[in-house]
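Work through the exercises below with the model open. Try each task before reading its solution.

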Amino acid sequence: MKKLVLIDGHSILNRAFYGVPELSNSQGLHTNAVYGFLNIMFKILDEEAADYIAVAFDLSAPTFRHKAYAEYKGTRKSMPDELREQVPLIKDVLSSMNIPILTKEGYEADDIIGTIAKRYQSDDVFVSIISGDRDLLQLSDKHIKIRIPKTSKGVTTVHDYLPEDVVSEYGVTPKEFIDVKALMGDTSDNVPGVPSIGEKTATKIIQEYHSIENAIEHVSELKPPRASKALSENIEEAKFSKMLVTIVTDAPIDTDISDMAVGNLYTKESLEWINKLEFKSFLKRYENIEAAASIELDISDITDLNDWNTLYEKLKSAKEFGIAICLEESVIKSYTVSELYAISITLDNRTYLIKDIVEIDDILEQIICLDAKKYILSLKPLIKQVKDMKLAKSFYDLSVAAYLINPLKDSYFVEDIARDYMGSSVSSKSEIIGKSKLGEVLRFNDEKAKKYFASESHVALFASDSLIKKLNELELTKLYEDVEMPLIYSLAKMENTGVRVDEKRLKSYADTLLEKISKLEASITDKAGESFNINSPKQLGEILFGKLKLSGGKKTKTGYSTAADVLEKLAPEHEIIRDILEYRQLTKLNSTYATGLAGYIRDDGRIHGTFNQTITATGRISSTDPNLQNIPVRTEMGSKIRDIFVPKEGYVFVDADYSQIELRVLASMSGDEKLIESYHMATDIHAATAAKVFHVPLDEVTPELRRNAKAVNFGVVYGISAFGLSEDLSISRKEALDYINNYFKIYEGVKKFLDKQVADAKEKGYVKTMFGRIRPIPEIKSSNFMTRSFGDRVAMNSPIQGSAADIMKIAMIKVDEALNKSGYDADIVLQIHDELLVEVREDEADKVKELVEKSMREAVSLKVPLEVDAHIGKTWLEAK
DNA sequence: CGAATCACG
DNA sequence: ACGTACGTGATTCGG
């Protein structure tokens, strides 16, 4: 017996949309409905071993049956955008699986399904109809089963309805089910039905008379009398309703069952879709065909110098090749020390694995000097292994390229690049080796590990064309070649240099903290009357709001909020609050900074952090292991930690930071004459804003007014909203709105500029910085107010924050160049977004200070001057 | 592993 | 009516 599966497309997609929690791929495409649909479909196919399959969809045009028209007017129009955008998506996916999509002008999906099901059901063909719509139960028949999937708590169960199941659940046959529905009506489908007859009465009537027509014949005998009266007065409505509810089973559908034969679902095209949508859990279904879609690797081992020399000769005349390195990593305390263990090179169609050679470092030195274009997924780790990075040339870092093309992705690993730019799949590192280290596994000559490693250089070579072409299309080539690529070398150098930390001072700082902490702990325990974990917001909340009955209600999903700003307001109510705030501050300083940083100090007495170039959405760099961009400074006790950052003996720090770079960027990008004028007059910009916005002479601006103006300036940079500003200044929304309106009245150019960013984002889906860096904003098209508003603010903020980041990147490259060229003994050791910390030999400090200031100031030329503050000091705190 | 908190620009 | 300021990373708790 053959099996035919018919799926009600919109119905299942709809179910899936509401049944699966929000889900989107890294491009910001919503995918939850498609995911849920495929989940249900795969589950059914696994169970049924279908021979034939088709999916029916409604067309959006009105059909003969009124119900479809209602649906078109009602349901379809209110379909959320997040669902609407997934309709073409599921159709594409189904097509890629060779699953026919059935539609028919003037008919609904129901009618198509009804027609096909009734036409082909037989002793030889059993039909399963998959739908979330119970109206289809009327189609249930000897050889037709209606299957209704239900998803709750992530588990999908399917309810099956053969005719006897319909009878036992509804008390009527599938055919009679039509009449019951018609009598009771259905508001959601605009079926009028007969007023005052509900499910109970309708079922009773049909059980007795079997059809509306027969019931009408005997209308005077109907019980209860209420129903009799209702039906006799609504005969036309009843007949009309029946027509609406009845699914057409003889529509002119010319698709033949042979067109629906199940072929290969797991095609290369469908795998590409699954990869694009990032449905990792479906990937195992593709294992059989992985060979077709995954890359082919031809691997040779290079394990002695002879073999290497042969390869080296080939590389000398090569035009291009892909390269990857494998580091052997050992973890000491919080940090990792890496040594070069293996190199993978893909030349033409062959990949060479160079490993277990003692001269591997020398080999790398030879490689970096070659003329060929060298493609690599991540250059910085390689460059960090090289003695003289100035010798390196012709490298292309492809994760940085992919980051410029779409900075919103959360990773740019080999599997991401292969999926996005080659349309093929490779296994990820964790899939191959789990948590072990590649160097260790490779040492055992593990075949899979070798394949993974080889895939890195292979993908680098074969994805390069597509990436570089895409950079060009998006006009990102200049930013890539002139800023991001050179920056890699500056960052590599900065990481290798590291920053010195005075371990002794750190220790005594920690001791001071611990002493104060234990005193506070005792005081808090005393005041609370019991000991508890102060670090647990849950326990703290119970003590404060439960036991001590302080005012303030629930704020978070999990209970009371005990955030600092909430506690601040409670300070007058109880002495304990001050202690808790101070305790919080000091334990933070201790755990994250005092204890935290200590674990990162290496044998050379320095901390070598990592500066990431492919993390932020705006183009800033980020800092990890440890984060050196959030070292305290705003509080007295916190800023003391900066005293432990010191230069080596005989050296000093030069600290240089841009003054209000974001506002200057805004002035320049918007071209606002008033704002530009303020900067040319070199006035205090916040005071100048205050004078203009609050209509007072400059010399009458009070600190209060200046503070408010400063908040407005910040607000503008963040993507202004009255709510945010009112929160920040503790004023009413109305007052905040007045400030904003005043601001925009004065700075019309700024208003125009910000509006244009939002408009551009809505039109193109992204905004750009001064230097062409792209920030996609998928949120801006959302139907959700909150999400969309966020998109608006991001559209205003990103060009500003991003341009400032571009400028700093350019400045770093220029500072590096200037230091190199001048021959001064100085190195950049930290970058904190608008600030550079440079370590310089004492006698050259003044000269280097001037040089750094000048390089930063002249990094780019804006419509307003860039101003740089620089200071010399024996510690970071002193130099700031 | 997510939420809450808090450090920075 | 909705309910937020923009961008990050580390630590801690608790399910």
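**Exercise 1. Which residues are closest to DNA strand B, and how many surround the strand?**

Ground rules come before the solution. This is a predicted model, in which local features need pLDDT of at least 70, side-chain atom pairs count only at pLDDT 80 or more, and totals for chains, interfaces and linings use all residues. Residues are numbered from 1 along each chain as its sequence is written, chains are lettered from A and ligands numbered from 1 in the order in which they are written, and side-chain values use heavy atoms, with hydrogens and water left out.

Step 1. Apply the cut-off: a residue is near a strand if one of its heavy atoms lies within 4 Å of it. DNA strand B is surrounded by 23 residues.
Step 2. Pick out the closest: Arg 584, Lys 588, Val 633, Arg 634 and Asp 834.
Step 3. Sort the surface by class. It has seven nonpolar, nine polar and seven charged residues. Here Ala, Val, Leu, Ile, Met, Phe, Trp, Tyr, Cys and Pro count as nonpolar, Asp, Glu, Lys and Arg as charged, and the others, Gly among them, as polar.
Step 4. Find the main contributor. Helix α27 (residues 576-598) gives the most, with four residues. Helices (H or I, at least four residues) and strands (E, at least two) are DSSP runs, numbered from the N terminus.

**Exercise 2. Identify which parts of DNA strand B the protein meets.**

Step 1. Take the strand's atoms within 4 Å of the protein. Sugar or phosphate accounts for 76%, and bases for the rest.
Step 2. Look at phosphate oxygens. A backbone N or O atom of Ala 564 lies 2.8 Å from one; for a backbone N or O atom of Ala 563, the distance is 3.4 Å.
Step 3. Turn to Asp 834. An N or O atom in its side chain is 2.6 Å from a sugar or linking oxygen of the strand.

**Exercise 3. Describe the surface near DNA strand C.**

Step 1. Count by class: 10 nonpolar, 18 polar and eight charged residues.
Step 2. Name the nearest. Of the 36 residues around the strand, these are Ser 536, Ala 617, Ser 622, Asn 627 and Arg 793.
Step 3. Assign the elements. At least two residues each come from α25 (537-547), α27, β18 (622-624), α32 (703-718), α33 (722-729) and α36 (785-822). The largest share, seven residues, is from α36.
Step 4. Split the strand's atoms within 4 Å of the protein: 62% belong to sugar or phosphate, the rest to bases.
Step 5. List polar side-chain atoms that approach the strand. One in Asn 627 is 2.8 Å from a sugar or linking oxygen. One in Gln 539 is 3.5 Å from a phosphate oxygen. One in Asp 728 is 3.4 Å from a base nitrogen.

**Exercise 4. Is His 574 buried, partly exposed or exposed?**

Step 1. Locate His 574. It sits in the loop between α26 (564-570) and α27.
Step 2. Read the accessibility. His 574 is partly exposed because its relative accessible area is 22%; buried means under 20%, exposed over 50%, and partly exposed in between (1.4 Å probe, protein chains only).
Step 3. Find its contacts (heavy atoms within 4.5 Å). Not counting residues up to four places away in sequence, His 574 touches Lys 527, Leu 548 and Leu 550.
Step 4. Check the local link. The His 574 side chain reaches the backbone nitrogen of Ile 576 at 3.0 Å.

Notes:
Polar contact = N/O pair within 3.5 Å; in protein donor to acceptor, adjacent residues only side chain to side chain.
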